[in-house]
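Open the model in your viewer and keep the selection tool at hand. We will go from stop to stop, with a note on what to select and what is there.

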Amino acid sequence: QVGYEPLPPTLGRNVFGRQVYQLPGLFAYAKHIVKVDGRAGLFKGLTPRLCSSAIGTVVHGKVLQGAVPFGGGGCSPLDASFQPGASKKEPVSSLEQVLKETSREMVARSAATLITHPFHVITLRCMVQFIGRETKYSGTLSAFTTIYREEGVLGFFAGLIPRLLGDILSLWLCNMLAYLINTYALENGGTIWGGRAPLWGGSVALWGLKVPFLLPQVSTMAEMKSYSQAVTGFFASMLTYPFVLVSNLMAVNNCGLAGGLLPYAPTYSSWLDCWSQLHREGNMSRGNSLFFRKVPAGKRYVWE
């Protein structure tokens with residue numbers, strides 16, 4: 001993501017058989033890190049990452065329990081209407097219900113992100129130290145002291161705004177797309193045999209006789225809804241990836257580490273400046289793939 005490529009591209013073939021220059025993937029870089037830093041190098045930043053996950057889970061749960069959207073009463077979790085095995089008598093979530101639940105989830109996620117972002121910043125900087133072989137952020141507690149001494153309180157929230165925007169947009173895209181698919185594609189369009197048999201069973205006329213049947217289509221419908229949630233989540237994360245990239249770059253930009261300075265990254269005045277420069281260079285999707293990383297024409301990378 002920061003534009004650092006310690007290994008040069010190699011000539012390979014894409015899925016269509018064409019020869020293209022490819023950047024090294026996950027396993028090649030894992031081997032390189034082990035060669036340089038040993039196996040411990042694969043776990044740099046793990047401690048603040050675990051702290052972030054644990055605290056974020058607690059904050060998310062607490063806020064979700066107390067959040068009441070639009071002055072309404074308590075609601076069940078957002079994904080309850082999409083879970084396999086849900087009661088058949090439970091009605092399909094209305095648009096209003098989806099909006100309420102998504103609002104609750106948005107508040108909970110935003111609170112968790114806000115509280116845990118300092119740990120996220122430390123995690124990224126611990127990993128980026130690999131580029132310049134620094135040891136500036138050697139421990140979680142000492143990293144807090146270093147950031148506060150050099151950057152003040154705002155240093156703990158570097159890259160927060162694009163991260164929040166990306167999370168919120170991804171959440172709304174995922175849930176609204178899932179609602180549209182589940183309501184209009186699966187519920188209204190899910191029939192078999194030319195629409196003569198409803199998905200929940202019933203009877204079919206065969207040679208003038210009504211033959212009752214009961215197929216496991218209710219569970220299949222629930223599974224399809226859960227799959228639609230996963231697919232829309234993946235699609236939403238792809239669309240909002242530029243926010244993730246900009247947030248991570250701003251978290252390490254001009255922090256005293258080699259990975260946050262030229263030639264890997266210029267000094268950005270704001271996250272909007274970072275966004276515009278990446279857009280001009282065609283680097284908005286940099287680092288979004290772990291495998292089959294083709295070297296796009298005109299994009300800048302720095303490798304040793």
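Start by selecting R109, which is partly exposed with a relative accessible area of 36%; here buried means under 20% relative accessible area, exposed over 50%, and partly exposed in between (1.4 Å probe, protein chains only). Now add E105, which forms a salt bridge with R109, the closest N and O atoms being 2.8 Å apart. A salt bridge here is a side-chain nitrogen of Lys or Arg within 4 Å of a carboxyl oxygen of Asp or Glu. E105 is buried, at a relative accessible area of 11%. The two residues are four apart in helix α3, so about one helical turn separates them. Helices (H or I, at least four residues) and strands (E, at least two) are DSSP runs, numbered from the N terminus.

A word on the ground rules: this is a predicted model, in which local features need pLDDT of at least 70 and side-chain atom pairs count only at pLDDT 80 or more, while totals for chains, interfaces and linings use all residues. Residues are numbered from 1 along each chain as its sequence is written, and side-chain values use heavy atoms, with hydrogens and water left out.

Next, select E151 and R125, a salt bridge with its closest N and O atoms 2.7 Å apart. E151 lies in helix α4 and R125 in helix α3, so this pair ties together parts that are 26 residues apart in sequence. Is each partner buried or exposed? E151 counts as partly exposed at 30% relative accessibility, whereas R125 counts as buried at 0%.

Move on to D37 and R133, whose closest N and O atoms are 2.2 Å apart in another salt bridge. D37 is in helix α1 (residues 26–37) and R133 in the loop between α3 and α4, so the pair ties together parts that are 96 residues apart in sequence. Both ends are partly exposed: D37 at 22% relative accessibility and R133 at 44%. Add K44 to the selection, and you have a network of D37, K44 and R133, joined by salt bridges that share partners. The salt bridge count comes to seven.

Now for the interior. Select V2, Y137, C274 and L278: of the 29 residues in the largest nonpolar core, these touch the most other members. A nonpolar core is a set of buried Ala, Val, Leu, Ile, Met, Phe, Trp, Tyr and Cys residues joined through side-chain atoms within 4.5 Å. The elements giving two or more residues to this core are α3 (95–132), α4 (140–151), α7 (241–252) and α8.

Stay on L278 and show its surroundings. Beyond its neighbours within four places in sequence, L278 has contacts (heavy atoms within 4.5 Å) that include L245, V246 and L249. Then pick S247, in helix α7, which counts as buried at 1% relative accessibility. Outside the same sequence window of four places, S247 is in contact with H117, G159, P162 and R163.

For a last stop, select residues 227–245, one of the spans that an unreviewed UniProt entry lists as "transmembrane region". UniProt positions are given in the numbering used here, feature names are shortened, and annotations may be inferred rather than shown by experiment. In the model, the end C-alpha atoms of residues 227–245 lie 27 Å apart, and the span is 95% helix and 0% strand.
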